[in-house]
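Me: Hi! Could you pick one spot in this structure, look at it closely with me, and then work outward from there to the other parts? I am new to this, so please take it step by step.

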Amino acid sequence: MSGVRVAVLDDYQKVAASMADWAGRLPGADVRFFPDHIADQDALVTVLEPFDVVVAMRERTPFPREVLARLPRLRLLVTTGMRNVSVDVAAARERDVVVAGTRGSAGTTAELTWALILGLVRSVAADDARIRAGRWQEAVGLDLDGRTLGVVGLGRLGSRVAGVGRAFGMNVIAWSPNLTPERAAEHGVSLATRAEVFGSADIVTLHLVLSDRSRGLVGEADLRSMKPSAFLVNTSRAGLVDQDALRKALEEGWIAGAGLDVFDVEPLPADHWLRGSPRTLLSPHMGYVTEQTYRIFYADAVEDIAAFLDGSPIRTLDAT
């Protein structure tokens, strides 16, 4: 294990070193932590060229075929989570680079979804700014009890979000391309059509996996069909929503607002239109950023590296 060089990318909060026993599990390895995001491909290749192992945080740094081809020393790429559309797993396999994943924490993104929903309907961020400016009680909040929550995607996360909605006394309806009445009934949710979800819900929350089929799924017609008093919440992937249509919806007031934890470019550039957009509550992709999740991510990453170096890779990802 001596001499192995490990790069840990996108350690934004500078906590990765403290979240796992890197030295104890990987004695003799040279582990370097990089807190700053490296967006430029040439710069990324220059930084990573000396490393045998790279640990990537979710989809923050893409590893397409052209980047992998320029990293001849790379032997193992670990991604947090067991799915990463930003890694070309097939190209990695062709170059004999093992791609491994980690476990995660199930509830964190669902919890942030509700932080955004509550922040929107009760104007939490705006009220905080108002009171600091010496103002008092200018907004009227929205009750959740008796309102309709529309859940797009009733999988592991969507079903958790739906359960909280029911606890708040909301009428919860759900739709996704493959959702069945039986699956909806399992979670005490009413199966609805796509048109019913967008047209009747007071809050629409997205919980689909981004794929070629789902990219741009929420378009102008969906947003225009929403009630002017309704909110859209997206903690899944920005690519699910047509961003041009979303911009129009917010700027022209088709909807009351949007709570967003995911963006088309991350970190969000200083000149991005959303920084000045009205009717928004923005979170810097914090859905999975919790201490418990990080401890699982990084402990599993260390375990993946140790197993690989012992000749028995674990949690390997297949090309899809």
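Reply: Happy to! Our starting point is threonine 293, which lies in helix 12. Please keep in mind that we are looking at a predicted model. Is threonine 293 buried or exposed? Its relative accessible area is 1%, and because anything under 20% counts as buried, threonine 293 is buried. Which residues does threonine 293 touch, once those up to four places away in sequence are set aside? They are Ser105, Thr108 and Tyr288.

Now let's follow the chain past the end of this helix. Helix 12 covers residues 291-309, and arginine 315 sits in the segment after it. Arginine 315 has a backbone feature to look for: its phi is positive, about 50°, although it is not a glycine. To see what makes that worth a look, recall that most residues other than glycine have a negative phi, and most peptide bonds are trans. With a relative accessibility of 22%, arginine 315 counts as partly exposed, because that class runs between the 20% and 50% limits.

Proline 313 links up with another stretch of the chain. Its C-alpha atom is separated by 8.0 Å from the C-alpha atom of valine 98, although the two residues are 215 apart along the chain. Valine 98 belongs to strand 5, residues 98-100. Besides Pro313, valine 98 is in contact with Arg75, Leu76, Leu77, Phe308 and Thr316, leaving aside its neighbours within four places in sequence.

Next, go back along the chain to the loop between strand 11 and strand 12, where you will find arginine 279. Arginine 279 also has a positive phi without being a glycine, here about 60°. Its relative accessibility is 39%, so arginine 279 counts as partly exposed. Proline 267 lies in the loop between strand 11 and strand 12 too. The peptide bond that leads from glutamate 266 to proline 267 is cis, and its omega is near -5°.

From here we can look into the interior. The largest nonpolar core has 31 residues, and Val204, Leu223 and Leu232 touch the most other members. Which elements give two or more residues to this core? They are strand 7 (171-175), helix 9 (194-200), strand 9 (203-206), helix 11 (243-252) and strand 11 (257-260). Helix 11 gives the most, with 4 residues. Try clicking on valine 204: residues up to four places away are not counted, and valine 204 touches Gly150, Val152, Val197, Phe198, Met226, Phe231, Leu232 and Val233. Apart from this core lies another one, of 25 residues, which includes Trp22, Tyr294, Ala301 and Ala306.

What about empty space inside? Rolling a probe the size of a water molecule over the atoms shows where empty space is left. How many cavities of 30 Å³ or more does a search of the whole structure find? The search finds 1. The largest cavity holds about 40 Å³ of space. Leu232, which we met in the core, also helps to line the largest cavity, along with Asn234, Ala238, Val241, Gln243, Leu246, Leu260, Val262 and Leu274. Strand 10 (231-234) and helix 11 are the elements that give two or more residues to this lining. By class, the lining has 7 nonpolar residues, 2 polar ones and no charged ones.

Let's finish with two loops from an earlier part of the chain. Threonine 61 is found in the loop between strand 3 (53-56) and helix 3 (65-68). At 3% relative accessibility, threonine 61 counts as buried. Its side chain makes a polar contact of 2.4 Å with the side chain of aspartate 10. Beyond its neighbours within four places in sequence, threonine 61 is in contact with Leu9, Asp10, His37 and Leu44.

Aspartate 40 sits in the loop between strand 2 (30-33) and helix 2 (41-48). Its relative accessible area is 44%, so aspartate 40 is partly exposed. A polar atom of its side chain lies 3.1 Å from the backbone nitrogen of aspartate 42. To get a feeling for distance across the model, you can draw a line from the C-alpha atom of aspartate 40 to that of glutamate 251: the two are 211 residues apart along the chain and separated by 31 Å.

How values were computed
Residues are numbered from 1 along each chain as its sequence is written. This is a predicted model: local features need pLDDT of at least 70, side-chain atom pairs count only at pLDDT 80 or more; totals for chains, interfaces and linings use all residues. Side-chain values use heavy atoms; hydrogens and water are left out. A nonpolar core is a set of buried Ala, Val, Leu, Ile, Met, Phe, Trp, Tyr and Cys residues joined through side-chain atoms within 4.5 Å. Buried means under 20% relative accessible area, exposed over 50%, partly exposed in between (1.4 Å probe, protein chains only). Contact means heavy atoms within 4.5 Å. On a 1 Å grid over the protein atoms alone, a cavity is a set of points where a 1.4 Å probe fits but cannot get out, and a pocket is an open set with protein on both sides within 12 Å along at least five of seven lines; lining residues have an atom within 4 Å of a point. Grid points are joined across faces, edges and corners, and a volume is the space filled by probe spheres set on the points. Ala, Val, Leu, Ile, Met, Phe, Trp, Tyr, Cys and Pro count as nonpolar, Asp, Glu, Lys and Arg as charged, and the others, Gly among them, as polar. A polar contact is a pair of N or O atoms within 3.5 Å; within protein, one must be able to donate a hydrogen and the other to accept it, and residues adjacent in sequence count only if both atoms are side-chain atoms.
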